[in-house]
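Welcome! Here are a few short exercises to work through with the model in view. Try each task before reading its solution.

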Amino acid sequence: MQAAIGGDASSYRRLLESLAPLLRSLARRGFERAGMGNAEIEDVVQETLLAIHLKRDTWDRTKSAGPWIMAISRYKLIDALRRRGRSAGVQVDDLAESLADESARDGADEQDVERVLEGLNGRALDIVRSVSLEGQGVRETAERLQMTEVAVRVSLHRSLKQLARQYRQARE
């Protein structure tokens, strides 16, 4: 991505070509989860690639491009699902990914995140911080904590559900 933004046309072409299969897979899974056919997969892929191209200057070069690209992909998928007349729900896994996008946060958001995380402790807090906030992978986190990947995913899922429940209760 760095070379592509720097003007290296062949790097840019390789980047977009390597992203297309991943974006296609994400779109296919999203449509399947929503119980819809696959007719618009290529449209979502092309819209995502176009958005990456048009918004490439908004990417923070000090951060990994992965979460930034995944966020664009997710929003393009949601747009496509909405166009088809179905509401798009956010899965707990999607919430974890969106928490990893630190580029949109400011100091007040950081304080809000810390306040919400006070409801967790121990490994649960470590897993949420690692995967959702720092953008580390499940495998990487599992290895560091000497846990299985499944155990990390289950803990993350339960922790995010707990945080969502606490948030709803606080708003009541």
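Accessible areas here come from the Shrake-Rupley method with a 1.4 Å probe. Keep in mind that this is a predicted model.

**Exercise 1.** Find how much accessible surface the chain has, and what share belongs to carbon and sulfur atoms.

*Solution.* Start with the total: the accessible surface of the chain comes to about 10500 Å². Then take the share: 49% of that surface belongs to carbon and sulfur atoms. To look inward as well, note that 34% of the 172 residues count as buried.

**Exercise 2.** Work out which elements make up the chain, and in what order.

*Solution.* Count first: the chain has 9 helices and 0 strands. Reading from the N terminus, the order is therefore α-α-α-α-α-α-α-α-α. Next, consider contacts between residues at least 6 apart in sequence: 61% of these join residues at least 24 apart.

**Exercise 3.** Locate the largest nonpolar core and say which helix gives the most to it.

*Solution.* Begin with the members: this core holds 26 residues, and those touching the most other members are Met1, Leu19, Leu23, Phe31, Ile52, Trp68 and Ile69. Now turn to the helices: H1 (2–5), H2 (9–33), H3 (41–55) and H4 (65–83) each supply at least two residues of this core. H2 gives the most, with 8 residues.

**Exercise 4.** Name the residues that Ile69 touches, leaving out those up to four places away in sequence.

*Solution.* With those neighbours set aside, Ile69 touches Leu19, Leu23 and Ile52. Finally, look beyond the largest core: apart from it lies another core of 15 residues, including Ile127, Val138, Leu156 and Leu160.

Note on methods:
Residues numbered from 1 in each chain as written. Predicted model: local features only at pLDDT ≥ 70, side-chain atom pairs only at ≥ 80, totals over all residues. Heavy atoms only, no water. Helix = DSSP H or I, 4+ residues; strand = E, 2+ residues; numbered from the N terminus. Buried < 20%, exposed > 50% of the residue type's maximum accessible area, 1.4 Å probe, protein only. Contact = heavy atoms within 4.5 Å. Core = buried A, V, L, I, M, F, W, Y, C linked by side-chain atoms within 4.5 Å.
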